[in-house]
Amino acid sequence: MENCDVLIIGGGPAGSSCAWRLREQGLDVMVMDKSEFPRDKICAGWVTPAVLDALRFDTESYAQHHVLQAITAFRTGLINGRELQTRYPSTVSYGIRRCELDDYLLKRSGARLRLGEALNSLKRSSNGWIVNDAISTPLVIGAGGHFCPVARFMGAELGASEPIIAAKEIEFEMSPAQQGICQVQGDTPELYFCQDLKGYGWCFRKGRYLNIGLGREGNAHLSEHLKTFCDFLKQRGRIPQDTPENFHGHAYLLYGHAVRKQIDDGMLLIGDAAGLAYPQSGEGIRPAVESGLMAADTTMQAEGDYSLEQLLPYTRQLVSRFGPVVAPSRGKPDFLRNILSGVLLNNKVFTRHILLDRWFLHKHQASLQVA
Ligand SMILES: Cc1cc2nc3c(=O)[nH]c(=O)nc-3n(C[C@H](O)[C@H](O)[C@H](O)COP(=O)(O)OP(=O)(O)OC[C@H]3O[C@@H](n4cnc5c(N)ncnc54)[C@H](O)[C@@H]3O)c2cc1C
């Protein structure tokens, strides 16, 4: 039987950030992930600078061996509508590849890794948990993403009645010919909203790679919306006509739209496992990283007593950071609820200050400072 102070299930941004912080404080941390790393994750791969600040990330050193696309503008509009370009004087975000970033963060965390191993069993013991009949730990942190087995263990009804965002995405390496044809610029990601405003599509270029996808409330007619979006991009000459079509799908929850239990005796959830993505943009990496750091903070303060009561500060930190959860709307999430009309998407002031600065870049919220 192996022992560790904390076992984290899932080595994505939530799990690796939490592990990194706990290791800095001297805890013996193990991360278990069902995948071998590097592994891919369905994602557009857009990170806001607050993520990198909170992780004390060295962008220069990272960029030497990984894709780190600086973003200084956005092209936005409605699908089949008018397009607007909004420029910034300096870098406001970055494009990364998840297969690279997640691997980098997990290795940097310094945690002991059990990769290629899924969580199969979770049993109570006198001093905590026995996991997979092989690991003994007083605290299990669920960071397994939307379908996290720890969330399921804590009672989440995965896939049953939760109002999800369903998304499909493809990231591929363009041939030299495709690179010449593609009109999307690396520093200017493109975001186009569905006519019913229930979701949006994106097109991000990161070096030789092109990432295209679309996310919407629920998964009804997702493929049709995606086809409309891709046809639109091709008609406008934004992407090559021979763009591959093997899109992959995934689901996740927006903060406040579905409420999962976040803590229990000897366990807590972080990142997508807890359903924390920003409701207006669907950005999930920042809340994943921040919740991982906040969970680490609560863990340190609990000093080995991981009773439900001692873990309460974590839920209070989530509310103070992401806002109170008002009555969740079951079955009908209000994605982009603040957009009153597609007309606003033609307005330069609205697009810059509300849509981009506030909802997509979260400029009003400083990065999370950890001591
Ligand atoms: C199409 C799409 C595009 C997106 N684009 C963006 C974007 O551009 N920017 C952004 O900020 N957010 C984006 N998001 C959201 C973002 O991807 C997630 O919020 C983020 O990955 C959450 O991180 P996490 O660490 O909580 O979970 P994940 O990144 O999902 O990591 C969970 C880990 O747990 C492991 N795991 C799962 N089950 C088990 C098990 N049984 N046992 C052991 N390990 C397990 C998995 O292998 C995985 O490595 C997007 C989401 C989608 C679906």
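**Burial and aromatic pairing in the predicted model**

Of the 371 residues in the protein, 59% are buried (under 20% relative accessible area, with over 50% counting as exposed and values in between as partly exposed, for a 1.4 Å probe and protein chains only). The model is predicted, so that local features need pLDDT of at least 70 and side-chain atom pairs count only at pLDDT 80 or more, whereas totals for chains, interfaces and linings use all residues. Residues are numbered from 1 along each chain as its sequence is written, and side-chain values use heavy atoms, with hydrogens and water left out.

The radius of gyration, taken over C-alpha atoms, is compared with a globule rule of 2.2 Å times the number of residues to the power 0.38; for 371 residues a compact globule would have a value near 21 Å, with which the 20 Å of the protein agrees. Among contacts (heavy atoms within 4.5 Å) between residues at least 6 apart in sequence, 73% join residues at least 24 apart.

The structure holds 18 aromatic pairs, defined for rings of Phe, Tyr and Trp (its six-membered ring) with centres within 6.5 Å, where planes under 30 degrees apart count as stacked, over 60 as edge-to-face and the rest as tilted. The rings of tyrosine 192 and phenylalanine 232 form an edge-to-face pair, because their centres lie 4.9 Å apart and their planes stand at 80 degrees; both residues are buried. The rings of phenylalanine 193 and tyrosine 200, with centres 5.4 Å apart and planes at 50 degrees, make a tilted pair. Phenylalanine 193 is buried at a relative accessible area of 0%, and tyrosine 200 counts as buried at 8%. Ring pairs link Phe193 and Tyr200 into a cluster that also includes Trp46, Phe74 and Tyr88.
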